[in-house]
Amino acid sequence: MIETLRMPFFVLALVLLAFAVSFEIGLCLVWPALMPPPGGQLPDVSPGFGVPYLAAIDLILVYATAAIALAFLWPALAGRVQAAIGILLALIGGLLVLALILAAFAALMLMLTLLLAVPFGTLAYFAAFADFPTAKAAAALAAIMAFKLGFAICLILAHQRFLKMKILMLVIVSSLALTWLTALLHALVPGFLAAITDALAALITSVLALVWIAVLFIGNLPGLVRAIRSLLTARPAT
């Protein structure tokens with residue numbers, strides 16, 4: 001497959017995916033600069049949970065694509081270390097995503113509790129969460145979706161055999177679907193409820209990311225067992 005791989009398209013796919021993930025992670029840092037008030041001071045505005053949480057599923061996609069690239073470039077090295085690296089990253093990623101799930105769930109419960117605690121809790125909710133920047137989030141999600149679609153198209157153009165890699169294709173579909181779902185949940189409700197649906201989208205994204213991490217962990221176990229067995233049964237040359 002490496003002999004027929006169209007490397008320019010493959011490299012472009014990796015670059016577009018890196019742009020998407022960098023955009024999701026970096027959005028928390030640059031978001032206030034996107035919304036400067038008339039007075040000149042940067043406001044205390046958050047992009048919410050939905051957009052940054054997309055990085056949880058997309059980092060899994062980065063790992064899957066990087067594993068393919070490693071298998072192309074250094075097949076012998078990939079066979080020895082991929083399972084061990086996959087298990088380690090799955091353990092670390094699982095703990096981090098579990099923390100994200102708890103944070104999104106806690107935020108969702110807090111907002112729902114405040115909204116339903118009439119009248120003072122509702123007033124507190126409106127003061128803290130009713131001004132969710134739906135339009136800015138929609139623009140960010142549109143850019144992220146464009147990067148991901150470009151990544152998927154370039155990957156297929158690099159080699160059509162990628163379409164036969166079921167796990168990779170399912171992760172790509174999951175990433176695209178979660179990006180669309182986040183935008184949909186922002187648009188379905190009135191603006192003052194968008195913060196709640198944003199937290200719900202983040203919770204769905206992180207739960208699905210945890211499921212994929214579990215799948216990758218289980219998928220790497222046989223390779224790790226074979227690697228350990230080969231080390232235990234190896235004999236020094238005489």
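In this predicted model, the side chains of Lys148 and Asp58 meet in a salt bridge, with 2.8 Å from N to O. Lys148 lies in helix H5 and Asp58 in helix H2 (residues 50-73), so the pair ties together parts that are 90 residues apart in sequence. Side chains of opposite charge can pair when their charged atoms come close.

Where do these two residues sit, buried or exposed? Lys148 is buried, and Asp58 is buried as well.

Lys148 has another partner to look for. Its side chain also meets that of Glu24 in a salt bridge, this time at 3.4 Å from N to O. Here the link runs from Lys148 in helix H5 to Glu24 in helix H1, across 124 residues of sequence. Both Lys148 and Glu24 are buried. The structure has 2 salt bridges in its count, and through shared partners Glu24, Asp58 and Lys148 are joined into one network.

**Helix H2**

Asp58 belongs to helix H2, so let us follow that helix for a moment. H2 has 24 residues and spans 35 Å from its first C-alpha to its last, which is close to the 34 Å expected at 1.5 Å a residue. Try tracing H2 on the screen: there is a kink of about 30° in it, centred on Ile57. How many of the 24 residues of H2 are buried? The count is 18, and H2 is mostly covered.

**Aromatic pairs**

Now turn to the rings. The structure holds 6 aromatic pairs. One of them is formed by Phe19 and Phe147; this pair is tilted, with 5.7 Å centre to centre and 55° between the planes. Phe19 lies in helix H1 (residues 7-34) and Phe147 in helix H5 (residues 134-158), so this pair ties together parts that are 128 residues apart in sequence. You have met both helices already, since Glu24 is in H1 and Lys148 is in H5.

Phe126 and Phe192 form another aromatic pair, which is stacked: the centres are 5.3 Å apart and the planes are 20° apart. Why does this pair count as stacked? Planes under 30 degrees apart count as stacked, and the angle between Phe126 and Phe192 is 20°. Phe126 is in helix H4 (residues 120-129), while Phe192 is in the loop between helix H6 (166-188) and helix H7 (194-233), and the two are 66 residues apart. Ring pairs also link Tyr125, Phe126, Phe129 and Phe192 into a cluster.

How covered are the rings of these two pairs? The table gives the relative accessible area for each residue.

| Residue | Relative accessible area | State |
|---|---|---|
| Phe19 | 45% | partly exposed |
| Phe147 | 24% | partly exposed |
| Phe126 | 38% | partly exposed |
| Phe192 | 32% | partly exposed |

**A histidine in helix H6**

Finally, have a look at His186, which is found in helix H6. Is His186 buried or exposed? Its relative accessibility is 3%, so His186 counts as buried. The side chain of His186 makes a polar contact with the side chain of Asp198, at 2.7 Å. Leaving aside residues up to four places away in sequence, His186 touches Phe132, Thr134, Ala137, Leu141, Ala194, Thr197 and Asp198. Asp198 therefore turns up twice around this buried histidine: as a polar partner and in the list of residues that His186 touches.

Technical notes
Residues numbered from 1 in each chain as written. Predicted model: local features only at pLDDT ≥ 70, side-chain atom pairs only at ≥ 80, totals over all residues. Heavy atoms only, no water. Phe/Tyr/Trp six-rings, centres within 6.5 Å; stacked < 30°, edge-to-face > 60°. Helix = DSSP H or I, 4+ residues; strand = E, 2+ residues; numbered from the N terminus. Buried < 20%, exposed > 50% of the residue type's maximum accessible area, 1.4 Å probe, protein only. Polar contact = N/O pair within 3.5 Å; in protein donor to acceptor, adjacent residues only side chain to side chain. Contact = heavy atoms within 4.5 Å. Salt bridge = Lys/Arg side-chain N within 4 Å of Asp/Glu carboxyl O. Expected span 1.5 Å × (residues − 1). Bend = angle between axes of the 7 residues up to and from the residue.
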